[in-house]
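Biologist: I am new to this structure and would like to go through it step by step. Could you show me the sequence and the structure before I begin to ask?

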Amino acid sequence: MNVFISRSKHAIVLALGAMILAVIGGGGGGVAGEAYALVATGESSSIITARRDALKELTATALITADIRMEIEAADSVAQIQNIATKAIDTFLAGQEFDGNAAFKMLEKVCVIGSRTSGSDGMRKQQELLLDTFEKLGAEVDMQLFSARHPIDGSAVPMANMIIQWHPDRAKRVMICAHYDTRPYPDNDPDPKKRKALFVGANDGASGVGLLVELGRFMKDLEGDVGVDFVLFDGEELVFESQRDPFFLGSEHFAREVAAGALEQRYEAAVLLDMVADKELQLYQEINSCRYANDLVQEVWGVARRLGIRQFYSRRRHEVRDDHLPLNEIARIPAIDIIDFDYPRPSSGRTTYWHTTKDVPQNCSAVSLARVGTVMLEWLRQRVGN
Ligand SMILES: [Zn+2]
């Protein structure tokens with residue numbers, strides 16, 4: 001996606017506010033870990049490191065409680081500390097209907113393929129994997145093929161949006177979508193030497209895929225008169241240079257087909273998922289989503305509020321250009337973007353992992369996928385059952 005520079009001042013003010021809050025609140029595992037290290041003299045450095053890492057992990061995923069913190073501080077071996085952290089995460093995940101671990105495993109599996117840039121071998125491998133996976137779950141999968149011009153050499157790049165249909169007989173439909181291609185390079189990496197390195201897009205690419213595969217397990221049994229399509233867009237960012245190359249090739253093609261009446265299905269709403277696995281999940285109401293489809297934004301954030309999922313913040317932040325724009329502007333489908341553009345939480349001295357070599361599974365979390373997946377499952381149940 002692309003961010004409007006025009007609002008950058010506003011974004012900086014908000015980022016500063018978040019930094020101040022982080023300092024006042026003493027939040028962030030790093031702060032807690034360092035404070036502990038000062039009083040824990042005499043302990044081995046491996047225990048201090050393990051304690052700091054455990055507190056950091058549980059703080060990032062918002063699973064830390066006063067009791068767990070005390071337990072970790074009282075523990076006197078690395079294994080014991082790690083067990084406490086693992087147990088807290090496993091207990092949370094086991095209590096969820098949506099299997100965050102399974103979604104995360106799919107995220108990892110897709111990242112193991114390597115780059116999934118449009119037209120690449122990696123993209124073909126991913127398509128085979130997903131076609132097989134969704135068909136086994138009972139979906140009807142349509143590959144919407146088209147071709148795009150390569151931004152550098154002008155050659156034809158074969159493209160495919162995957163339209164994954166559940167209960168295709170139902171006339172009224174809603175859509176959950178994500179892009180499944182990855183940016184060619186981590187060109188935003190702070191280290192210039194790494195800007196031509198491998199970009200695996202764990203959050204920016206694989207997170208939507210992992211979440212949708214897991215959500216697919218619930219789809220066949222979803223009773224009601226509304227059908228659901230998952231749409232995976234190709235060519236969201238076959239972008240080598242942000243100022244020059246076009247974004248959203250797949251969603252634009254899809255939207256034009258809808259506008260031309262080439263598809264049978266009629267969509268009442270679309271929810272786009274982008275960067276939804278950040279370990280430090282923060283989902284604000286994105287400004288373009290509010291502009292085009294505010295009712296839908298309020299509907300989804302309302303579901304999260306009722307479920308007590310506090311990582312969906314009921315405040316506007318970030319104006320993002322993403323695949324939801326062609327859906328709104330060309331296809332006239334009310335479409336919103338659920339996007340965590342703070343990857344990770346902004347605080348002093350930290351830079352974004354977006355479009356860098358740090359967008360890897362280790363910076364993502366099954367807990368975050370479970371939270372977003374739970375909201376999507378509940379939203380679908382409400383929409384489909386009505
Ligand atoms: Zn991107």
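Modeller: What follows is a set of questions and answers about this predicted model.

Biologist: How many helices and strands does the chain have?

Modeller: The chain has 386 residues, and 47% of them count as buried. Among contacts with a separation of 6 or more, 78% are between residues 24 or more positions apart. As for the elements themselves, the chain has 12 helices and 10 strands.

Biologist: Which element gives the most residues to the largest nonpolar core?

Modeller: The largest nonpolar core has 93 residues, and those that touch the most other members are Leu107, Val209, Ala270 and Val300. A second, separate core has 9 residues, including Ala54, Leu58, Ile64 and Ile81. With 11 residues, the element that gives the most to the largest core is H12.

Biologist: Are H10 and H12 roughly parallel or roughly perpendicular to each other?

Modeller: Helix H10 covers residues 287–307 and helix H12 covers residues 366–385, and the two pack with their axes 9 Å apart at an angle of about 115°. Their crossing is right-handed. Angles of 65 to 115 degrees count as roughly perpendicular, and therefore H10 and H12 are, relative to each other, roughly perpendicular.

Biologist: Which residues in H12 are met by residues in H10?

Modeller: On the side of H10, the residues that take part are Val300, Val303, Ala304 and Leu307. By class, the contact of H10 with H12 divides into 6 nonpolar, 2 polar and 1 charged. Val300 also has Val271 and Ile336 among its contacts when neighbours within four places in sequence are left aside. On the side of H12, the residues met are Thr374, Val375, Glu378, Trp379 and Gln382.

Biologist: Is H3 roughly parallel or roughly antiparallel to H5?

Modeller: Helix H3, residues 45–60, packs against H5 at an angle of about 10°, and their axes are 9 Å apart. Because angles under 35 degrees count as roughly parallel, the arrangement of H3 relative to H5 is roughly parallel.

Biologist: How many nonpolar residues does the contact of H3 with H5 have?

Modeller: From H3, the residues in this contact include Ile47, Ala50, Ala54 and Leu58, while those from H5 include Val78, Ile81, Ile84 and Ala88. The contact also has 2 polar and 2 charged residues. The number of nonpolar residues is 9.

Biologist: How far apart in space are Gln80 and Ile47, C-alpha to C-alpha?

Modeller: Gln80 has its place in helix H5, which covers residues 78–94, and it is partly exposed, with 15 other C-beta atoms within 10 Å. In sequence, Gln80 and Ile47 are 33 residues apart. In space, C-alpha to C-alpha, the distance between Gln80 and Ile47 is 9.7 Å.

Biologist: Is Met275 buried or exposed?

Modeller: Met275 lies in the loop between strand S6 (266–274) and strand S7 (283–285), and it has a positive phi of about 60° although it is not a glycine. A residue counts as buried if 20 or more other C-beta atoms lie within 10 Å of its own. Because Met275 has 30 such atoms within 10 Å, Met275 is buried.

Biologist: Which residue does a cis peptide bond join to Tyr343?

Modeller: The bond in question has an omega of about 0°. The partner of Tyr343 has its place in the loop between strand S10 (335–339) and H12, and this partner is Pro344.

How values were computed
Residues numbered from 1 in each chain as written. Predicted model: local features only at pLDDT ≥ 70, side-chain atom pairs only at ≥ 80, totals over all residues. Axes fitted to C-alpha atoms, helices over the stretch in contact; angles between N-to-C directions. Helix = DSSP H or I, 4+ residues; strand = E, 2+ residues; numbered from the N terminus. Parallel < 35°, antiparallel > 145°, perpendicular 65-115°, else oblique. Left-handed = near helix turned anticlockwise from the far one by under 90°. Contact = placed C-beta atoms within 7 Å. Nonpolar A, V, L, I, M, F, W, Y, C, P; charged D, E, K, R; others polar. Core = buried A, V, L, I, M, F, W, Y, C linked by C-beta atoms within 7 Å. Buried ≥ 20, exposed ≤ 12 C-beta atoms within 10 Å, placed from the backbone.
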